[in-house]
Amino acid sequence: MFEKSSAAKRVIPVIIIVALVATGLILTYILSNNDTDVEIVLPSQTPNVETDHILESEQPDTLLSVSPENVKSVLSTVSRPSSYHRTLKIDIISGNSIATQTAEVWVRDSSRYFEITDNSEKQHIVIADGKVSMWYDGEDTVHSYEENEYFSADDLIGIPTYEDVLSIESNRITSADYVTGNDDASYLYVEFVSPDNMYQYRYWVSLETGLLAEAVTLFDGQTVYSMKETSMQLLPATDSEFDNKFVTPEA
């Protein structure tokens, strides 16, 4: 696990996804999706979730001191890059079982394209020109919705964001610190709890990219969700990496 420094997943209705993300009911999600292919770990073992790339470090000299009291102010100065491509590994843990997904994300200004892959299928999501389009490999049907203010692109793929911290009550934040990764990059660590204190959330925000690089959710002290950024590219808006990414099969 991490050591803090002394000084830092056919189409699921959008409404359900948002509700799950908003309430953090990850265990309910797992139990309602028992058809998901999972890796079974022997009962005597603890599920092996890789969440150890952030290492202990002294606070960077160039950064101001951060605390639970001022971390929201610090995070409010962070901004996401306008165009990038990154890959995320998501583990959802239930007892001794792990359901793993890989999410590839392409962002160019307000346009977004996601590829979400698990053991059995690949889902595609395009958000562009005010419309959300979703389809699966091998299917001709594209499900489309009007984009609206009640859900975000991140909600659609079920990943948390550092903005979550900005919307919570300050008294739910239990720890904040600066840490350094094994890539020598600086991260802002934030730890907070759910209103009922049953869930604990740990976030690592990259101070280089302004994106949430890693997140862990614990229930009753056990990890039930883990998200880790495994690759990240900052790209110019004209990069060929974006060619044909924001179009649907029907187009």
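Glu 191 is buried in this predicted model, with a relative accessible area of 9%. Its side chain meets that of Arg 202 in a salt bridge, the N to O distance being 3.6 Å. Glu 191 belongs to strand S10 (residues 186-193) and Arg 202 to strand S11 (residues 199-206), so the pair ties together parts that are 11 residues apart in sequence. Glu 191 is also one of the residues touched by Arg 172, whose contacts, once residues up to four places away in sequence are set aside, are Glu 191, Phe 192, Val 193, Ser 194 and Pro 195. Arg 172 is found in the loop between helix H5 (163-166) and strand S9 (173-181), and with a relative accessibility of 15% Arg 172 counts as buried, because the cut-off for that class is under 20%.

**Salt bridges**

The search of the whole structure finds 6 salt bridges, and three of them are set out below with their N to O distances.

| Salt bridge | N to O distance |
|---|---|
| Arg 86 and Glu 229 | 2.8 Å |
| Asp 91 and Lys 89 | 2.5 Å |
| Glu 191 and Arg 202 | 3.6 Å |

In the pair formed by the side chains of Arg 86 and Glu 229, Arg 86 lies in strand S3 (residues 83-94) and Glu 229 in strand S13 (residues 222-234), so this salt bridge ties together parts that are 143 residues apart in sequence. Arg 86 is buried at a relative accessible area of 5%, and Glu 229 is buried as well, at 18%. In the pair of Asp 91 and Lys 89, Asp 91 is buried, with a relative accessible area of 2%, whereas Lys 89 counts as partly exposed at 28% relative accessibility.

**Aromatic rings and a charge over a ring**

A pair of aromatic rings is described by the distance of the centres and the angle of the planes. The count for this structure comes to 7 aromatic pairs. In one of them, the ring centres of Phe 192 and Tyr 203 are 5.2 Å apart and the planes stand at 90°, so the pair is edge-to-face. Phe 192 lies in strand S10 and Tyr 203 in strand S11, so this ring pair ties together parts that are 11 residues apart in sequence. Both Phe 192 and Tyr 203 are buried. In another pair, Phe 242 and Phe 246 have ring centres 6.0 Å apart and planes at 25°, so these rings are stacked. Phe 242 counts as buried at 2% relative accessibility, and Phe 246 counts as buried at 12%.

Ring pairs also link Phe 192, Tyr 199, Tyr 201, Tyr 203 and Phe 219 into a cluster. Strands S10 and S11 are therefore tied both by the salt bridge of Glu 191 with Arg 202 and by the ring pair of Phe 192 with Tyr 203. Elsewhere, Lys 245 lies over the face of Trp 106, at 4.9 Å from the ring centre.

**The surroundings of His 124**

His 124 is found in strand S6 (residues 122-128) and counts as buried, at 7% relative accessibility. Its side chain makes a polar contact of 2.7 Å with the side chain of Tyr 113. When neighbours within four places in sequence are left aside, His 124 is in contact with Tyr 113, Phe 114, Glu 115, Ser 133, Met 134, Trp 135, Tyr 136 and Asp 137.

**Positive phi values**

Asp 220 has a phi near 55°, a positive value in a residue other than glycine. This residue lies in the loop between strand S12 (212-219) and S13, and Asp 220 is exposed, with a relative accessible area of 66%. Asn 244, likewise a residue other than glycine, has a positive phi near 60°. Asn 244 is placed in the segment after S13, and Asn 244 is exposed, at a relative accessible area of 68%.

**The chain as a whole**

The chain contains 5 helices and 13 strands. Of its 251 residues, 48% are buried. The chain exposes about 12,800 Å², of which carbon and sulfur atoms supply 47%.

Conventions. Residues numbered from 1 in each chain as written. Predicted model: local features only at pLDDT ≥ 70, side-chain atom pairs only at ≥ 80, totals over all residues. Heavy atoms only, no water. Salt bridge = Lys/Arg side-chain N within 4 Å of Asp/Glu carboxyl O. Helix = DSSP H or I, 4+ residues; strand = E, 2+ residues; numbered from the N terminus. Buried < 20%, exposed > 50% of the residue type's maximum accessible area, 1.4 Å probe, protein only. Areas by Shrake-Rupley, 256 points an atom, 1.4 Å probe, with all protein chains shown as cover. Polar contact = N/O pair within 3.5 Å; in protein donor to acceptor, adjacent residues only side chain to side chain. Contact = heavy atoms within 4.5 Å. Phe/Tyr/Trp six-rings, centres within 6.5 Å; stacked < 30°, edge-to-face > 60°. Lys NZ or Arg CZ within 6 Å of the ring centre and 35° of its normal.
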